[in-house]
Amino acid sequence: MADTADTRTPAQIEADIARRRAVLAETLDEIGVRVHPKTIVGDAKARVVSNVDHTLGRAYVGVNRVVSDVKAQFVDETGSPRLERVVPVGLLVVGVVGLLALGTRKRRR
């Protein structure tokens with residue numbers, strides 16, 4: 001059998017106990033902070049904000065891509081408008097606005 005005799009002095013044992021108490025107190029304080037309701041709510045808010053930021057960032061990239069694709073349909077590489085596409089769309093918009101104006105005029109009478 002191994003000899004398990006403790007060769008520490010009483011002062012060394014007391015110092016070891018005091019050190020372990022300090023470490024245990026620090027650990028308990030840390031656990032107390034982690035489980036405190038304000039900490040839990042703050043962490044939850046941070047996660048929600050992070051998720052919203054991530055979702056908005058992805059949405060922004062998607063919308064930006066769509067806008068760039070639409071712009072590419074109406075503007076050539078040099079930045080000049082493509083009249084063969086702009087004019088028909090402009091006429092269509094004017095027609096729809098005119099129809100809506102006529103529809104609201106008829107409802108008022």
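A residue is called buried at under 20% relative accessible area, exposed at over 50%, and partly exposed in between (1.4 Å probe, protein chains only). P10 is exposed by this rule, because its relative accessible area is 60%. P10 sits in helix α1.

The model described here is predicted: local features need pLDDT of at least 70, side-chain atom pairs count only at pLDDT 80 or more, and totals for chains, interfaces and linings use all residues. Residues are numbered from 1 along each chain as its sequence is written, and side-chain values use heavy atoms, with hydrogens and water left out.

Start with confidence. The measure is pLDDT, the predictor's confidence in each residue, from 0 to 100. Its average over the protein is 90. A score of at least 70 is reached by 94% of the residues. Helix α1 has the highest confidence, at a mean of 95. Helix α3 (residues 83–108) has the lowest, at 88.

Now the overall build. Helices (H or I, at least four residues) and strands (E, at least two) are DSSP runs, numbered from the N terminus. The protein has 3 helices and 0 strands. From the N terminus on, the order is α-α-α. The radius of gyration is 36 Å, well over the 13 Å that the globule rule gives for 109 residues, so the protein is more spread out than a compact globule. That radius is taken over C-alpha atoms, and the globule rule is 2.2 Å times the number of residues to the power 0.38. Along its principal axes, the C-alpha trace spans about 100 × 45 × 25 Å.

How much of the protein is buried? Of its 109 residues, 2% count as buried. About 10000 Å² is exposed, and carbon and sulfur atoms supply 64% of that area. Accessible areas come from the Shrake-Rupley method with a 1.4 Å probe; for residues, only the protein chains shown count as cover.

Next, follow helix α1, which covers residues 10–35. Two C-alpha distances give a sense of scale. P10 and G32 are 22 residues apart in sequence and 32 Å apart in space. A15 and A25 are 10 residues apart in sequence and 15 Å apart in space. A15 belongs to α1. With a relative accessible area of 46%, A15 is partly exposed.

Turn to the charges. Side chains of opposite charge can pair when their charged atoms come close. A salt bridge here is a side-chain nitrogen of Lys or Arg within 4 Å of a carboxyl oxygen of Asp or Glu. The whole structure holds 6 salt bridges. One of them joins R19 to D16, with the closest N and O atoms 2.7 Å apart. Both residues lie in α1, 3 residues apart, about one turn of the helix. Is D16 buried or exposed? D16 counts as buried, because its relative accessibility is 17%. R19 is partly exposed, at 47%. These two residues also belong to a wider group: D6, R8, D16, R19 and R20 are linked in a network of salt bridges.

Further along α1, E30 forms a salt bridge with R34. Their closest N and O atoms are 2.8 Å apart. E30 and R34 are 4 residues apart in the helix, so about one helical turn separates them. E30 is partly exposed at 40% relative accessibility, whereas R34 is exposed at 57%. Another salt bridge links the side chains of E77 and R82, at 3.8 Å from N to O. E77 is exposed, with a relative accessible area of 75%.

The surface also has a nonpolar patch. Patches are made of residues with over 30% relative accessible area and no salt bridge; like charges are joined within 9 Å, nonpolar side chains (Val, Leu, Ile, Met, Phe, Trp, Tyr) within 5 Å. L24, L28, I31, V35 and I40 form this patch, with about 470 Å² of accessible area together. Which helix gives the most to it? Helix α1 does, with 4 residues. I31 is in α1. It is partly exposed, at 45% relative accessibility.

Finally, look at residues 86–104. In an unreviewed entry, UniProt places the feature "transmembrane region" there. UniProt positions are given in the numbering used here, feature names are shortened, and annotations may be inferred rather than shown by experiment. In the model, the span is 100% helix and 0% strand. Its end C-alpha atoms lie 27 Å apart.
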